[in-house]
Amino acid sequence: MRDVTGRLMLLDTASLYFRAYFGVPDSVRAPDGSPVNAVRGLLDFIDRLVKDHRPDHLVACMDADWRPQWRVDLIPSYKAHRVAEERAQGPDEEEVPDTLSPQVPVIEAVLDAVGIARVGVAGYEADDVIGTFTARAVGPVDIVTGDRDLYQLVDDARGVRVLYPLKGVGTLQITDEATLREKYGVDGKGYADLALLRGDPSDGLPGVPGVGEKTAAKLLDRFGDLAGILAAVDDRQAGLTPTQRGRLDAARPYLAVAPKVVRVADDVPLPDVDTALPRAPRDPAGLESLAARWGLGGSLQRLLTTLSA
């Protein structure tokens, strides 16, 4: 990874193109009739993000492995309900809408031709790539994602915030530590513990039975972190109710492995990539061909105009 100075924007790309796919009508099609709603929607998202937030660096972070085996080995239910097909070699196939899957290679080709850095690392999710870029960044970081798991990276002291789309990307929740404390009662570092205690059905994380979000927040406020909560389980004077103590004690096997699954990695071997915001297309001829083939029209032109400004 090259030195990154200035504001770095990290895109949770799959999260954004899923939102584009469901937010833009599938009547948006290429000249041959192929749907390109996710492609054009993502380009419009990026255009708006660059206009509104003016990053110096931009990285489209990808899921090279959306369900890493090392996480599944620890919690077998991790994202299990989203598996469309198990594979003996390589990542399992994720359940994705039929008309979205063919658009993903187009998105990748267009980003490459524009010159926007695109990074995925074998064995890791986009979240882990984002976590590692964030850990290594010198300047402020804007993480754009519809996945609340990345709230754990919010850090006011380092200028790390999450831009969470509420409606498209025109309406974003700027998530800092004050936002997290108001909504969840924790800061960025505490969010991962909150998430693993609460559980998350969308990711196949069981959580601690009987411990919801409010109870988890109260436990963290009282005992500091997961280690403090587990110490309280062993301390009869700590003030846990018998029911809470019993539930947490029974969940020890899960709580022993959940932190590694829930917390994003910060040590991914990132490639040497130029993250600087491109001012002109890296491959003008290739981009022109892609624009004609897929009918990218105004969406691509608006982005190129914004990048050149």
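**Salt bridges, pockets and buried helices in a predicted model**

Arg71 and Asp128 form a salt bridge in which the closest N and O atoms lie 2.8 Å apart. Arg71 belongs to helix H3 (residues 69-74) and Asp128 to helix H5 (residues 126-136), so this pair ties together parts that are 57 residues apart in sequence. Both partners are buried: this holds for Arg71 and for Asp128. The structure discussed here is a predicted model, and every value quoted below is computed from it.

The pair is one of several such contacts, since a search of the whole structure finds 18 salt bridges. Another joins the side chains of Asp142 and Arg7, with a distance of 3.2 Å from N to O. Asp142 is in strand S6 (residues 141-144), whereas Arg7 is in the segment before strand S1 (8-12), so the contact ties together parts that are 135 residues apart in sequence. The two partners can be described separately with respect to solvent. Asp142 has 0% relative accessibility and therefore counts as buried, while Arg7, with a relative accessible area of 24%, is partly exposed.

A further salt bridge brings together the side chains of Arg118 and Glu108, at 3.8 Å from N to O. Here Arg118 lies in strand S5 (residues 117-119) and Glu108 in helix H4 (residues 103-114), so the parts tied together are 10 residues apart in sequence. Arg118 is partly exposed, its relative accessible area being 30%. Glu108 is also partly exposed, with a value of 24%. Elsewhere, salt bridges with shared partners link Arg71, Lys79, Glu125 and Asp128 into one network. The opening pair, Arg71 and Asp128, thus belongs to that network.

Lys79, a member of the network, also has a notable backbone. Its phi is near 55 degrees, a positive value in a residue other than glycine. Most residues other than glycine have a negative phi. Lys79 sits in the loop between H3 and strand S3 (83-85), and its relative accessibility of 7% means that it counts as buried. Arg54 likewise has a positive phi, of about 45 degrees, although it is not a glycine. Arg54 is placed in the loop between H2 and S2. With 41% relative accessibility, Arg54 counts as partly exposed.

The text now turns to the pockets. The largest pocket holds about 1,200 Å³ of space. It is lined by 45 residues, of which Ala14, Phe18, Asp63, Arg82 and Glu94 are the closest to its centre. Helix H1 (13-23), strand S4 (93-94), H4, H5, helix H7 (188-198) and helix H11 (252-262) are the elements that give two or more residues to this lining. The largest share, six residues, comes from H1. By class, the lining of the largest pocket consists of 16 nonpolar, seven polar and 22 charged residues.

The second largest pocket has a volume of about 380 Å³. Among the 17 residues that line it, Gln152, Leu153, Gly188, Lys189 and Asp266 are the closest to its centre. H5 and H7 each supply at least two residues of this lining; both helices are also among the elements that give two or more residues to the lining of the largest pocket. The lining of the second largest pocket divides into six nonpolar, four polar and seven charged residues.

H1, which gives the largest share of the lining of the largest pocket, also has a set of buried residues. These are Thr13, Ala14, Ser15, Leu16, Tyr17, Ala20 and Tyr21. The buried residues of H1 pack against S1, helix H2 (37-53), strand S2 (57-61), H4, S6 and strand S7 (160-167). An α-helix has 3.6 residues a turn, so residues three or four places apart point the same way.

One of the buried residues of H1, Tyr21, is also touched by Gln103. Gln103 lies in helix H4 and is buried, with a relative accessible area of 2%. Leaving aside residues up to four places away in sequence, Gln103 touches Tyr21, Pro35, Val36, Asn37, Ala38 and Val39. H4 thus holds both Gln103 and Glu108, the partner of Arg118 in a salt bridge, and H4 is also among the elements that give two or more residues to the lining of the largest pocket.

Terms used
Residues are numbered from 1 along each chain as its sequence is written. This is a predicted model: local features need pLDDT of at least 70, side-chain atom pairs count only at pLDDT 80 or more; totals for chains, interfaces and linings use all residues. Side-chain values use heavy atoms; hydrogens and water are left out. A salt bridge is a side-chain nitrogen of Lys or Arg within 4 Å of a carboxyl oxygen of Asp or Glu. Helices (H or I, at least four residues) and strands (E, at least two) are DSSP runs, numbered from the N terminus. Buried means under 20% relative accessible area, exposed over 50%, partly exposed in between (1.4 Å probe, protein chains only). On a 1 Å grid over the protein atoms alone, a cavity is a set of points where a 1.4 Å probe fits but cannot get out, and a pocket is an open set with protein on both sides within 12 Å along at least five of seven lines; lining residues have an atom within 4 Å of a point. Grid points are joined across faces, edges and corners, and a volume is the space filled by probe spheres set on the points. Ala, Val, Leu, Ile, Met, Phe, Trp, Tyr, Cys and Pro count as nonpolar, Asp, Glu, Lys and Arg as charged, and the others, Gly among them, as polar. Contact means heavy atoms within 4.5 Å.
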